[in-house]
Number of protein chains: 2
Amino acid sequence: MGKCEQCIIKQFNALKSLSKEELVRISSCKTSMIIKKGDVIFEEGDSINGVYCVKDGICKLSKLSSNGKDQIVKIVVKGDLLGQRSLITGETANLQATALNDMELCFIPKNEIVNDLLNNSKFSFDVLKEMAHDLKEADDIIVNMAQKTVRQRLAETIIYIHENFGTNPDGTLSVLLSREDFANIVGTAVESAIRVLSQFKKEGLIVTIGKRIKINNIEGLKRVE
Amino acid sequence: MGKCEQCIIKQFNALKSLSKEELVRISSCKTSMIIKKGDVIFEEGDSINGVYCVKDGICKLSKLSSNGKDQIVKIVVKGDLLGQRSLITGETANLQATALNDMELCFIPKNEIVNDLLNNSKFSFDVLKEMAHDLKEADDIIVNMAQKTVRQRLAETIIYIHENFGTNPDGTLSVLLSREDFANIVGTAVESAIRVLSQFKKEGLIVTIGKRIKINNIEGLKRVE
DNA sequence: AATGAAATATGATTAAAATCATAATTCCAT
DNA sequence: ATGGAATTATGATTTTAATCATATTTCATT
């Protein structure tokens, strides 16, 4: 099993602020796990009792609404932490985490990491920063949901994924989402999402290769009204 | 000028976790201010350079969207802190804060409080908890915005204000909002908000006394489809 | 009390998106 | 390779909410 103190993934999240000793201790109690595409890591209401560090793969954080639709709130990628919010409030999970492709995760039990949060202020300040960043993004999503059209939200989602998660060598978005996932990010019906994507294609803003999407005219996408 | 160490307001926020010494130091550098109803405390893009502690009054946190509408993201009341998020990330304000009635605020400069965040882990953990709570609420709002009707969102907003901020002796909501404010919380047009409120009135779910709203049938409101 | 502006209210029409229906395509397991 | 399920796609219709147009009411100011 890999050692936390040598793991390069930690550079991308708050764990980088832990001391060598703290990392060695965490390393000895962490569990590694492989999650298959489509599997649920935790669901709403679960007691998570720790945090996950994403070593590889991508997952979605979503919440089931009363109308039966699953709203995606965030995409979590390699290097991110998962479950910090519940860890801090001590509540059960507010969201469901589902793997979008095969994943490799490390699970750090609550007991181990809570002490570090209380004793290592650099670490807790880093977690605070990440949480503050998430809160800003969530506020911005609220504004977009409330005030923008499906067309605008979908254009922005494609740009967001492009800018934050990058592309494959052929230029397609590296995060592969189904049309249903797009609908569940944007908060619309699957048919509406598909329709708008078709429209974008007709307008030359994007190109599709199977279900993969490639941005063809990013300036045009940004100007979508 | 009042002293922080004797101020009862701090019991309602993370400042309660500061030591007597820390409070005395903060007390000596804080500024008290009176803000009139409708005045802007800070706007998007401002460098806040500190946090505000709300001693009295209520304000809204909102963001101007490209369509010209002002989306309200949060209502901040007596006892809450204001500006923590920007303080932590060191960014300029993401939201605008506008007083909904006359307010009394204490402003604590960044320099003073940042040290406490880095040195007093109980305090920073408290701030972390508040931020985690805000993030959960924001996630829930995203889901509601995306998946519920204006009617449902407005019903939930009335219930939320009732449960979180209470009522006046006559039973009306203690937080007095204009129909436009309701529209900007729900993310709809003013006319639509007014129409739905009229409908609620016809259905006997609420009663209005001028612009004030009183819940008449909370179970019915909760069941709104 | 009179005046006028702002806020609230309601109706008519239009626009956006959901829903329902049905093809066409892709993809996976056998 | 092939059948069948899942996904993607598109059309027709309905629903929801926005917009435009006017009243009506409320409220602060003179």
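**Contacts of the protein chains with DNA strand D and with each other**

With five residues, α7(A) makes the greatest contribution to the surface near DNA strand D. The model is predicted, and the contacts described below were computed from it. The DNA surface is treated before the interface of the two protein chains.

The residues around DNA strand D number 18, and those that come nearest are A:Arg179, A:Ser198, B:Val150, B:Thr188 and B:Ser192. By residue class, this surface comprises nine charged, six polar and three nonpolar residues. On the DNA side, sugar or phosphate accounts for 56% of the atoms of strand D within 4 Å of the protein, and bases account for the rest.

Several side chains approach the phosphates of DNA strand D. In chain A, a polar side-chain atom of A:Ser198 is found 2.7 Å from a phosphate oxygen of the strand, and for A:Arg179 the corresponding distance to a phosphate oxygen is 2.9 Å. Chain B places a polar side-chain atom of B:Lys69 at 3.3 Å from a phosphate oxygen of DNA strand D. Two or more residues of the surface near this strand are supplied by each of α6 (179-186) and α7 (190-202) of chain A and by α7 (190-202) of chain B.

The two protein chains also contact each other. Chain A contributes 39 residues to this contact and chain B contributes 38. About 3900 Å² is buried between chain A and chain B, with 69% of this area on carbon and sulfur atoms. Within chain A, the residues that lose the most area to chain B are A:Leu128, A:Ile142 and A:Gln147, which together make up 17% of what that side buries.

Polar interactions are also present across the interface of chain A and chain B. Two salt bridges are found there. The side chain of A:Asp140 forms a salt bridge with that of B:Lys63, at an N to O distance of 2.7 Å. Residue pairs in polar contact between chain A and chain B, with both residues at pLDDT 80 or more, number 13.

On the side of chain A that touches chain B, two or more residues each come from β5 (70-77), α2 (84-89), α3 (110-119) and α4 (121-147). The largest share is that of α4(A), with 21 residues. The residues of this side of chain A fall into 17 nonpolar, 11 polar and 11 charged.

Conventions
Residues are numbered from 1 along each chain as its sequence is written. Chains are lettered from A and ligands numbered from 1 in the order in which they are written. This is a predicted model: local features need pLDDT of at least 70, side-chain atom pairs count only at pLDDT 80 or more; totals for chains, interfaces and linings use all residues. Side-chain values use heavy atoms; hydrogens and water are left out. Contact means heavy atoms within 4.5 Å. Buried area is the accessible area (1.4 Å probe) that two parts lose on being put together, summed over both. A salt bridge is a side-chain nitrogen of Lys or Arg within 4 Å of a carboxyl oxygen of Asp or Glu. A polar contact is a pair of N or O atoms within 3.5 Å; within protein, one must be able to donate a hydrogen and the other to accept it, and residues adjacent in sequence count only if both atoms are side-chain atoms. Helices (H or I, at least four residues) and strands (E, at least two) are DSSP runs, numbered from the N terminus. Ala, Val, Leu, Ile, Met, Phe, Trp, Tyr, Cys and Pro count as nonpolar, Asp, Glu, Lys and Arg as charged, and the others, Gly among them, as polar. A residue is near a molecule or strand if one of its heavy atoms lies within 4 Å of it.
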